[in-house]
Amino acid sequence: MIYRSLAGTTLLFGIVALLFGCTEKRSGIGADTRLYVVADSTNWVELESSIREAFERTIRTPQPEKVFEVRWVPPRSWNRYATRKNIVIAGLLESDGQIDTTVANMLAPQVRGKVEDGSAFFFPKEDQWAEGQLLMILASTTLDQLKTKLVENKGQLYGYFEEKLLR
């Protein structure tokens, strides 16, 4: 299990390094209204309803439609989605899941401190691995804390992707 996790994390960082090494980024691919959430499977089971509540808003047209459609991406499939237009990566700092470890390693020590003291939990980044991409890292120390923060901040979280969509 540990070997598999290390191999997956190494593969993920290798892909990220390859993407960073390119001098010219490709345009993000995928639908503007599709939001891909990368999370370890056990976290996804617990976070799915809170993530959908934060990001899937329904608007009334002749019939109700969701503005964003959330799709879960398991860690083993992450490399196929790294250049999508809208990506959320959700992880816990003190857990040993593949994506949890990746998220913990992505955060600088001062940022990690803000997550640990509860003063920050989301970090948006534009054009990270592709032009026109919005990447949002969600991090917390516990699942319960992350679920609570998702619901409490759903307007702000949604607003980042809505603003990008309207540009």
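In what order do the five strands of the open sheet lie? In this predicted model, the order is S4-S1-S5-S7-S6, and the pairing is mixed. The two edges are taken by strand S4 (69–73) and strand S6 (122–126); each has a single partner strand, so one side of each is left without a neighbour in the sheet. Direction ignored, neighbouring strands of this sheet are turned by 20 degrees against each other on average.

It helps to set this sheet within the whole chain. The protein holds six helices and seven strands, and along the sequence these follow the pattern α-β-α-β-β-β-β-α-α-β-β-α-α. Of its 167 residues, 43% count as buried. Among contacts with a separation of 6 or more, 71% are accounted for by residues 24 or more positions apart.

Strand S1 (residues 34–38) is a good place to begin a closer look. On one hand, S1 pairs with S4 in the parallel sense over five bridges, and Val-38 stands opposite Val-73 in S4. On the other, S1 pairs with S5, also in the parallel sense, over three bridges; here Val-37 has Val-88 in S5 as its bridge partner. As a general point, strands of a sheet pair through backbone hydrogen bonds, either parallel or antiparallel. Four of the five residues of S1 are buried, so this strand is largely enclosed by the rest of the structure.

Helices are laid across these strands. Helix H3 (residues 98–106) lies across S1, strand S5 (86–92) and strand S7 (134–140), and runs at about 95 degrees to S5. Helix H5 (residues 143–152) lies across S5 and S7, with a direction at about 130 degrees to S7.

H5 also has a helical partner. The axes of H2 and H5 come within 8 Å and cross at roughly 10 degrees, which makes H2 roughly parallel to H5. On the H2 side, Asn-43, Glu-46, Leu-47, Ser-50, Ile-51, Glu-53 and Ala-54 take part in the contact, and they meet Leu-143, Leu-146, Lys-147, Leu-150 and Val-151 in H5. In general, an α-helix has 3.6 residues a turn, so residues three or four places apart point the same way. The buried residues of H2 are Asn-43, Trp-44, Leu-47, Ser-50, Ile-51, Ala-54 and Phe-55. H2 is not straight throughout: a kink of about 60 degrees is centred on Leu-47, one of the residues that meet H5.

What, then, fills the interior? The largest nonpolar core has 24 residues, and those with the most contacts inside it are Phe-55, Leu-138 and Leu-157. At least two residues of this core come from each of S1, helix H2 (41–55), S5, S7, H5 and helix H6 (154–166). H2 gives the most, with five residues. Phe-55 shows how such a core is knitted together from separate parts of the chain: not counting residues up to four places away in sequence, this side chain's residue touches Leu-35, Phe-68, Val-70, Val-88, Met-136, Leu-157, Tyr-158 and Phe-161. A second, separate core has 20 residues, including Val-38, Tyr-81, Ala-82 and Ile-99. Val-38 thus links two parts of this account, as a member of that second core and as the residue of S1 opposite Val-73 in S4.

Conventions:
Residues are numbered from 1 along each chain as its sequence is written. This is a predicted model: local features need pLDDT of at least 70, side-chain atom pairs count only at pLDDT 80 or more; totals for chains, interfaces and linings use all residues. Side-chain values use heavy atoms; hydrogens and water are left out. Two strands pair if DSSP finds at least two bridges between them. Axes are lines fitted to C-alpha atoms, for helices over the stretch in contact, and angles run from 0 to 180 degrees between N-to-C directions. Contact means heavy atoms within 4.5 Å. A nonpolar core is a set of buried Ala, Val, Leu, Ile, Met, Phe, Trp, Tyr and Cys residues joined through side-chain atoms within 4.5 Å. Buried means under 20% relative accessible area, exposed over 50%, partly exposed in between (1.4 Å probe, protein chains only). The bend at a residue is the angle between axes fitted to the seven residues ending there and the seven starting there. Angles under 35 degrees count as roughly parallel, over 145 as roughly antiparallel, 65 to 115 as roughly perpendicular and the rest as oblique.
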